[in-house]
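Hi everyone, thanks for making time this morning. I'd like to walk you through one corner of a model I've been looking at.

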Amino acid sequence: MLIFGSYIKVTFMKKFIILMLSLVVLTACSTDDEGPEIKLQPAKAKILKAELPESLEMSKNYTIEVFYELPSPCHIDVALVAAPGETNTEFYLYGATVFDADQVGCDQTSTDLERSGEFNLFVESTESYTFHLWRGFTEDGIDIYDPVTVPVVMD
């Protein structure tokens, strides 16, 4: 596994585990009063653009900034996800969000839906890297990704 893939997994997994543990603690704790039940629904955020270089150099580190759009003003931004694909040079990018189904007072008119995140990429292969940018779902609920391939050049 690439250092990059391991780094992404470790960084994302740390944030994801902390978030999930927080949610479990908030929703699993029993109190004497019958307060509102939190019903969080995970959702993906559409990638608007990824600032990818035109080419990558072997053994070089890159910080990739990615911009994504929340599905609605009532969604909460969790993290940028750069999940490894089937090969060491393939990654799937999307924004991770949650929606509180019982949320009260959400400003539906807000237009501030754009968020950004970044991840580090260390190039360890001479093969081109492919980044799959999440664009939404088909009518059948299948993920739609636009692949962007970036070649690796040798110095």
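I'll start with one strand and its neighbours, then turn to two residues.

First, the ground rules: this is a predicted model, where local features need pLDDT of at least 70, side-chain atom pairs count only at pLDDT 80 or more, and totals for chains, interfaces and linings use all residues. Residues are numbered from 1 along each chain as its sequence is written, and side-chain values use heavy atoms, with hydrogens and water left out.

Our strand is E7, residues 129-137; helices (H or I, at least four residues) and strands (E, at least two) are DSSP runs numbered from the N terminus. In E7, 7 of the 9 residues are buried, where buried means under 20% relative accessible area, exposed over 50%, and partly exposed in between, using a 1.4 Å probe and protein chains only.

Who pairs with E7? Strand E5, residues 90-100, does so in the parallel sense over 4 bridges, and pairing takes at least two DSSP bridges. Leu 93 has Leu 133 as its bridge partner there. Strand E8, residues 143-150, runs antiparallel to E7, with 8 bridges, and Phe 137 stands opposite Asp 143. Between E7 and E8 the hairpin has 5 residues, and Gly 141 takes a positive phi near 85°.

Now Thr 130, in E7: is this residue buried or exposed? Thr 130 counts as buried because its relative accessibility is 17%. Its side chain makes a 3.3 Å polar contact with that of Thr 149; that term means N or O atoms within 3.5 Å, within protein one able to donate a hydrogen and the other to accept it, with sequence-adjacent residues counting only if both atoms are side-chain atoms.

Finally, Leu 48, in strand E1, is partly exposed at 34%. The C-alpha atoms of Leu 48 and Tyr 68 are separated by 4.9 Å, though 20 residues apart along the chain.
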